[in-house]
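Hi everyone, thanks for coming. Today I'd like to walk you through one structure, step by step, and please have the picture open while I talk.

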Protein chains: 2
Amino acid sequence: MPMSSQPMSRGTRVRGTRQAEALGSVLAELPAFSSAQEIHAELRRRGERVGLTTVYRQLQVLSQDGGVDTIRDESGETLYRRCRSSGHHHHVTCRSCGRSVEVEGRAIERWADRVAAEAGFVDVDHTVEIFGRCVDCA
Amino acid sequence: MPMSSQPMSRGTRVRGTRQAEALGSVLAELPAFSSAQEIHAELRRRGERVGLTTVYRQLQVLSQDGGVDTIRDESGETLYRRCRSSGHHHHVTCRSCGRSVEVEGRAIERWADRVAAEAGFVDVDHTVEIFGRCVDCA
DNA sequence: TCCTTATTGATAACGGTTTTCATTTTCTAC
DNA sequence: GTAGAAAATGAAAACCGTTATCAATAAGGA
């Protein structure tokens with residue numbers, strides 16, 4: 001009966017507990033990339049009693065399942081935000097408030113694959129992040 | 001006398017001490033992105049007595065001055081390598097050995113600026129890193 | 001309900017990096 | 001060459017985000 005590591009369509013893992021429900025609802029409303037600690041603080045602000053460890057754990061699972069996107073700020077801290085689009089995409093993120101827009105760039109994917117191949121690399125992956133200041137923060 | 005938050009004036013300060021000289025020579029020879037601790041270990045291997053703190057400090061200054069490039073591996077650790085070309089560029093880096101090739105991509109810079117502008121962002125910056133497995137490691 | 005197993009969370013540990021601060025070294029001025 | 005001020009060094013401690021521990025709790029099927 002253990003069905004722990006079932007494939008499970010993405011996102012369905014984190015359901016069933018009060019804590020997961022609360023986290024999901026906070027994530028659904030947060031418009032900006034936020035740190036695990038910020039998310040935890042937001043939960044407490046709402047009166048939800050969820051341990052910080054649990055927040056980290058859930059976010060880890062969610063990001064593996066593709067339910068949340070992650071980026072790293074300049075200090076190296078990991079920031080999370082619920083994923084809007086399901087395919088491969090990148091972000092334009094505000095340095096000040098964390099607000100973020102998802103963008104596609106097929107040309108970029110092709111470029112990355114090409115230059116890597118030219119350099120003799122295989123099994124290629126890439127990270128592209130764009131930072132700036134959004135209208136409100138400028 | 002605190003000197004913490006204004007470490008040193010500016011410019012190419014890293015010269016003049018035995019430690020800086022040793023670090024510069026190690027950096028010149030290391031072909032791969034390496035962590036501060038790896039670089040420190042390499043210094044010790046060569047019989048140079050340089051403190052880990054000093055390695056971190058020098059690398060920080062060098063990266064600010066553009067003398068070394070930095071990337072972050074998947075665990076969040078910062079890796080350093082002496083900068084080969086002087087202009088803006090990106091890297092194709094081997095996940096296994098850290099070996100890296102510098103590449104240019106004017107099309108990518110333009111793309112990043114454009115999508116950011118379209119999203120209403122200003123003061124735009126971007127990070128692009130490509131990872132793969134190099135010929136030797138594949 | 002009972003029972004097995006997964007989940008939770010307070011706390012401790014971890015690991016990379018930065019701070020502290022007393023000591024050493026460098027550099028400039030004699 | 002030497003003195004003295006300023007900068008650099010480095011061992012140790014602090015820092016801080018994150019992960020591991022593990023006893024207690026909660027969930028869901030029989």
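Let me start with a word I'll use a lot: a residue is near a strand if one of its heavy atoms lies within 4 Å of that strand. Please also keep in mind that what you see is a predicted model.

So, which residues come nearest to DNA strand D? There are 20 residues around that strand, and the nearest are A:Y56, B:T17, B:G51, B:T54 and B:R57. What kinds of residue make up this surface by class? It has 11 polar residues, 5 nonpolar ones and 4 charged ones.

Now look at the helices. α3 of chain A, residues 52-65, and α3 of chain B, residues 52-64, each supply at least two residues of the surface near DNA strand D. The biggest giver is α3(B), with 4 residues.

Which part of the DNA is on the other side of this? Taking the atoms of DNA strand D within 4 Å of the protein, 69% belong to sugar or phosphate, and the rest belong to bases.

Let's zoom in on the phosphates, staying with chain A. In the side chain of A:Y56, an N or O atom sits 2.7 Å from a phosphate oxygen of DNA strand D. A:Q60 also uses its side chain: a polar atom there is 3.4 Å from a phosphate oxygen of the strand. With A:T78 we switch to the backbone, where a polar atom is 2.9 Å from a phosphate oxygen of DNA strand D.

Next, step back and compare the two protein chains. A turn of 180°, with a shift of 0.0 Å along the axis, lays chain A on chain B with an RMSD of 0.1 Å. The two copies are therefore related as by a two-fold rotation axis. The same surface serves both copies, since 100% of the contact residues of chain A recur in chain B. Which residue of chain A comes closest to the rotation axis? That is A:V128, whose C-alpha is at 2.2 Å.

Finally, the cysteines. How many disulfides does the structure hold over all chains? The number is 0. As a reminder, a disulfide is a covalent bond between the sulfur atoms of two cysteines. Why is B:C137 not bonded to B:C134? Their sulfurs are 3.7 Å apart, which is too far for a bond, because a disulfide needs the sulfur atoms within 2.5 Å. As for their surroundings, B:C134 counts as buried, at 6% relative accessibility, whereas B:C137 is partly exposed, at 29%.

Thanks for listening!

Notes:
Residues numbered from 1 in each chain as written. Chains lettered and ligands numbered in written order. Predicted model: local features only at pLDDT ≥ 70, side-chain atom pairs only at ≥ 80, totals over all residues. Heavy atoms only, no water. Least-squares fit on C-alpha atoms with pLDDT ≥ 70 in both. Contact = heavy atoms within 4.5 Å. Polar contact = N/O pair within 3.5 Å; in protein donor to acceptor, adjacent residues only side chain to side chain. Nonpolar A, V, L, I, M, F, W, Y, C, P; charged D, E, K, R; others polar. Buried < 20%, exposed > 50% of the residue type's maximum accessible area, 1.4 Å probe, protein only.
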